[in-house]
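Biologist: I am new to this protein and would like a close look at a single part of it. Please take me through that part slowly, giving the meaning of each term as it comes up.

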Amino acid sequence: MAEAGAFHFPRLLATLYAGAVLSAGFTARVAAAEPGTEALPADSVYAVEARDARGNMRAGSAVAIARDTLLTNCHVTRQAASILVTRGAQVWRAVLRAGSGELDLCVLAAPVAAARVPRLREAATLVPGETVHAAGYPAGRAMRVRAGTVLALHGHENASVIQTSAAFEFGASGGGLFDRHGNLAGILTFRMVDGEDGYFALPTEWITRIIAQGALASGAQPDEVTAFWERPPAALPAFLARIAHDPSGRRGSGTSGPLRVTPGR
């Protein structure tokens, strides 16, 4: 039990794994489109199964960004000995090609040639109040698409991390945040434990940066590097530190509620 008056930092949850290690595989079922989501390129989103050397599995999601190329969160593939990409009954083996553990974005190569590739939209062009949709695979279930709005844009590493009310669950890390026209604006990554407005997506501007860095050097493992949002409280980026220290619990435009968080592992 915490001492009276002790400060509680928020607990950040990475949604794919952001927490859960599974021991069995699952089928990446494709759900029927919900009304109002017909324009979304849902067929560009895949489920990811990353197993370590002991056979434990982390379940996540990924989005096609080019022919035979997918993007996911590095925390999804962390310590993976094998990676599978699935959609419906189809299964492909994937390999890690590039990435930044600090930014929590990793590029996978998999022979999904027929994948639909969405257009990218810079996160900086989003505006608070704009409708967005979060699409990903909750672990063990069909793909889920949820609508919400952009709540705030937080400057970090020359881009804007997106805070949204479009909810997503464990297993959706690496999925896509789409605007109403089906453009990919962000990659679903972490969320707050409490409240309905603590969902965060990484900006597409970082994708270009990672691709420009090129293939991994021999022995490099970006998915083993601590992501910016996983840091200890004292080392969090300024915008997350402000959220953590705000005694009122308010987290930017249109947000409120208690903030108790923990790093997702």
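Which residue in β12 is the bridge partner of Gly176?

Modeller: Before the answer, a word on the source: this is a predicted model, in which local features need pLDDT of at least 70 and side-chain atom pairs count only at pLDDT 80 or more, while totals for chains, interfaces and linings use all residues. Residues are numbered from 1 along each chain as its sequence is written, and side-chain values use heavy atoms, with hydrogens and water left out.

The bridge partner of Gly176 in β12 is Ile187. To place that pair, the chain has 3 helices and 13 strands, where helices (H or I, at least four residues) and strands (E, at least two) are DSSP runs, numbered from the N terminus. Strand β11 covers residues 176–179 and is joined to β12 by 3 bridges, the two strands running antiparallel; strands are said to pair if DSSP finds at least two bridges between them. In the hairpin that β11 and β12 make, 4 residues lie between the strands, and Gly182 takes a positive phi near 90 degrees.

Strand β12 itself spans residues 184–192, and 9 of its 9 residues are buried, a word that means under 20% relative accessible area, with exposed meaning over 50% and partly exposed in between (1.4 Å probe, protein chains only). For the chain as a whole, 53% of the 265 residues count as buried.

Strand β12 also pairs with strand β13 (residues 199–203), again in the antiparallel sense, over 5 bridges. Within this pairing, Phe190 stands opposite Phe200 in β13. Strand β12 thus has bridges to β11 and also to β13.

Further along the chain comes helix α2 (residues 205–213), in which Glu205, Trp206, Ile207 and Ile210 are buried. An α-helix has 3.6 residues a turn, so residues three or four places apart point the same way. Just after α2, Gly214 takes a positive phi of about 85 degrees.

As a wider setting for this part, contacts (heavy atoms within 4.5 Å) can be sorted by separation along the chain: of those with a separation of 6 or more, 69% are between residues 24 or more positions apart.
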